[in-house]
Amino acid sequence: MSASSETHRKIILDLDTGIDDTLALSYVLASPDAELIGITGTYGNVVVEQGVTNDLNLLAMYGREDIPVFKGIDHPSTADSFSVPPDSAIFHGANGTGNVEIPAHSDAKPRDQGSVDFIIDSVRRYPKGELVVVPTGALTTIAAALEQAPDIIDKITIVMMGGSLTQPGNVGPFAEANINQDPEAANKIFATKADITMIGLDVTTQVLMSQEDTDSLRRTGTEAGRFLADMTDYYIRISEQEEGVFLGGCNLHDPLAAAVAIDPTLVTTFATNLMVETEGPQRGRTIGDPKRLLDETKNTKVALSVDAERFTKQFVDRLRTLVTTQRNEQ
Ligand code: BDR
Ligand code: CA
């Protein structure tokens, strides 16, 4: 994928909405160089139903109910059901938005078409490179789409939040939360030839939102500004209490993936072929695949450094503009 920040990108967000998922959605809506063509709901921080309800209410808050929402697969590929892990409920609150209520209620429903079919149709519809699929939760739905329609593997561009190569995991010594939800699905995706950019803890732990930033959203005086500020303050507080290392703010995991989907120049990457450990104490670890070390083609680009200053400034500026111009001004 080669593109400058001026390139206009079509985006599908595959969200487990979630505080930082909410911030990622807000960032894409706030970006003049992106067009959000749909949201597909997955599980992780919340169950799919809650995530999709959050998506619909957030779109209503921003006056963007024109954007379709689809329901994805609601449990890992190796299980029959899913319940929210206790840590996710702590970090994101019982409702996914830090126990702060979204100040809009939508009567809209998710589309009848499922997420898998929507992703397949969309990848087939647009020229290669025009559409980026951005998973920020469990990878079950994306893996199912690639399995159901192998013809899209050569065409799809994926910029995913998940995994870690150089940092410890955040749900154990090795595993990052999104990969850990469904390591088998993640492993299947990495094993394909799909064009993947991995935005993992290597870089997302370097981009922070501080209370100064949330205060600047609150000062806009809009409902959406206050909501984002209150929700993110919850995330900052919990991060300070629960994370081993607190550097003055909450990590902007999912927003960075969304931002790189729009502007790949925000990060520098290392090309490799990855796998996910699916057995033993390292289950959920993302690591180079020793069997494909000599392959000429490397399908995954792992982000290892980030222009944190440029990203965080642009992130807060865009969100401030979004909430200042949204229709629920008071
Ligand atoms: C990821 O896990 C989820 O809790 C967050 O929304 C983010 O996608 C960070 O590891
Ligand atoms: Ca997420």
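**Cores and a calcium site**

Student: Which residues touch the most other members of the largest nonpolar core, and what makes it a nonpolar core?

Tutor: Ile11, Leu25, Leu36, Ile199, Leu228 and Phe315 do, out of 69 residues. The term means buried Ala, Val, Leu, Ile, Met, Phe, Trp, Tyr and Cys residues joined through side-chain atoms within 4.5 Å; buried means under 20% relative accessible area, with a 1.4 Å probe and protein chains only. Helix H10 (residues 223-242) gives this core its largest share, 9 residues. Helices here are DSSP runs of H or I, at least four residues, and strands are E runs of at least two, numbered from the N terminus. Mind you, it's a predicted model: local features need pLDDT of at least 70 and side-chain atom pairs 80 or more, while totals for chains, interfaces and linings use all residues. Residues are numbered from 1 along each chain as written, chains are lettered from A and ligands numbered from 1 in written order, and side-chain values use heavy atoms, without hydrogens or water.

Student: What is Leu25 in contact with, leaving aside neighbours within four places in sequence?

Tutor: Leu13, Leu15, Leu36, Ile39, Leu58 and Leu59. Contact means heavy atoms within 4.5 Å.

Student: Why are Asp16 and Thr136 called donors of the calcium ion (ligand 2)?

Tutor: Donors are N, O and S atoms within 2.8 Å of the metal, or 3.2 Å for Na, K and Ca. Asp16 (OD), Asp21 (OD, twice), Thr136 (O) and Asp254 (OD) lie 2.2 to 2.7 Å from the ion, so they qualify. Asp16 sits in the loop between strand E1 (9-15) and helix H1 (19-30), and Thr136 in the one between strand E4 (131-135) and helix H5 (140-148), 120 residues apart. Both are buried.

Technical notes:
Buried means under 20% relative accessible area, exposed over 50%, partly exposed in between (1.4 Å probe, protein chains only).
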